[in-house]
Amino acid sequence: MDTKSEFWFQDEINKTEHMKRISNVVDIKQYLLRLHKVLQRKDFKFKEETYTTAKIVLNTLKSIINFHTSYVVGNPISITGEQEIVKKYNSIYKKGMYTKTDYEIAEDLYTYGNAFEYVYSDNGVIKSKVIANEDSYPVYDEHENYVAFIEHWEDMENGHKNYVVYTPAMVQVYQDNTLVDEYANLSGLPICYASLDKSEYNFFGDSPLNDLMPIMNQIETLLSKLDDAINTLSMNPLGVSMGQRITDSIPKDICGATLNLEDGGDFKYVTAQMDYQNIKLLLDSLTQQLYAVASVPASVIGQGNIANVSEISLKLLFSQTDNKAKQMIQVLKEGMYKRFEYIRKLLKIQGVTFSDDMYDSLDITFSVNRPVDTQSMMNELKTQYDMGAISKQTVIDKSPYTTDTALELQRIADEQGERNTVQPTTDAE
């Protein structure tokens, strides 16, 4: 039995959860491609003509995903630790475009609840590949140990089935059950990120969109029905005549037409009286629940007014968002620490080594993209520094204006050295 067959057989243990997870991923992808439930509304006959019902599709969930993703990783992370190793890791992050990688991982976590990253070396440049959720199949043995990873997709043009099997030692590429390439796995198995909100299976996280899509479906249905009611029953009322039967038709687009009726006859338009307050109450309640579940301040995407807000009010306004961001940061840190280990392996192959103490000093600082009173924040940092309560390095770490602590410390040292250098002077003739 070849490696692919062996691990695909082991993956039968996880078959049920994989099928449910992939099905959920496909549903979410279709939803984000504007294939919403409201599009299934059927047309009907109105005034002897086919009336096309309103099908209002809202992309609010895309905005919510973008908001949360940018909130956590919109500002690049800061790597902290010993200056020498931080300088090296910052260089790797810059060359490997890890700012974009972090954004893609956070976006996948907020969208699907899971993300998958493979760290590799490309001609000496350390990079990461974010594997698509619908193509990802981590394999666990009967003891729930993570033993392999299968990346599988089918080519829609020629129908070829492609497999990439990752094991701790090798990476093998198959096409239609034929081994076409293999190479040594120098880093390790792909990193699995899973949100803290777990699905029914502990291996995987649950997508927050599963809570939001039913609310959005109800809002879209309500707005679509309201649009139909306004167009058919208010803007196009039914004409009702009493007395003599009117046999001639009146052009529907004419304005100001006059009808001559027999004595005692009557003609009037019948319109529907909609209960505006009840409709507004239902719509407002659904919208409020949407933003509450999404942990997004309504004012951020134009659903409320905000002016003259103090720093304390901002913290209260973003408290739910901050709580959600803290959960995401824990998940991202766990995966990024694993990334640091893989980068260490690849650096060792390249002949670059650091002491264990230097590796232990590495840490990650996130700067959330929340509106803050920067002046107040800097004054607080200055006060603590003047008191001797924090170091200059901590001030640089916490400052919203810097992301590369090691570089800033080096620049400060260089400037200090220039000031301490005594420049020779000559007497004027």
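This section describes a sheet, a helix pair and two residues with positive phi in a predicted model.

In the predicted model, five strands form an open sheet in the order E6-E7-E8-E9-E10, and the pairing within this sheet is antiparallel. Strand E6, which covers residues 136-140, and strand E10, which covers residues 178-184, stand at the edges; each has a single partner strand, so one side of each is left without a neighbour in the sheet. From one strand to the next, the twist averages 20°. At the E10 edge, the partner is strand E9, formed by residues 170-175, and the two strands pair in the antiparallel sense over six bridges. Within this pair, Val-173 stands opposite Asp-181 of E10. Strands of a sheet pair through backbone hydrogen bonds, in either a parallel or an antiparallel arrangement.

The packing of two helices was examined next. Two packed helices are described by the angle between their axes and by the distance between the axes. For helix H3, residues 60-73, and helix H5, residues 98-112, the axes come within 9 Å and cross at roughly 135°. An angle over 145 degrees would count as roughly antiparallel, and one of 65 to 115 as roughly perpendicular; H3 and H5 are therefore oblique to each other. The crossing of these two helices, H3 and H5, is right-handed. On the H3 side, the contact is made by Ile-65, Asn-66, His-68, Thr-69, Ser-70, Val-72 and Val-73, while H5 contributes Asp-102, Tyr-103, Ala-106, Glu-107, Tyr-110 and Thr-111. Sorted by class, the contact of H3 with H5 comprises six nonpolar, five polar and two charged residues.

Backbone geometry was considered at two loop positions. Most residues other than glycine have a negative phi. Arg-34, by contrast, has a positive phi, near 70°, although this residue is not glycine. Arg-34 is found in the loop that lies between helix H2 (15-32) and strand E1 (44-46), and with a relative accessible area of 42% this residue is partly exposed, a class that falls between the limits of 20% and 50%. A positive phi is also found at Glu-144, again a residue other than glycine, where the value is near 65°. Glu-144 lies in the loop between E6 and strand E7 (146-154), and E6 is one of the strands at the edges of the sheet. The relative accessible area of Glu-144 is 57%, and this residue is exposed, the limit for that class being over 50%.

Notes
Residues numbered from 1 in each chain as written. Predicted model: local features only at pLDDT ≥ 70, side-chain atom pairs only at ≥ 80, totals over all residues. Heavy atoms only, no water. Pairing = 2+ DSSP bridges. Helix = DSSP H or I, 4+ residues; strand = E, 2+ residues; numbered from the N terminus. Axes fitted to C-alpha atoms, helices over the stretch in contact; angles between N-to-C directions. Buried < 20%, exposed > 50% of the residue type's maximum accessible area, 1.4 Å probe, protein only. Parallel < 35°, antiparallel > 145°, perpendicular 65-115°, else oblique. Left-handed = near helix turned anticlockwise from the far one by under 90°. Contact = heavy atoms within 4.5 Å. Nonpolar A, V, L, I, M, F, W, Y, C, P; charged D, E, K, R; others polar.
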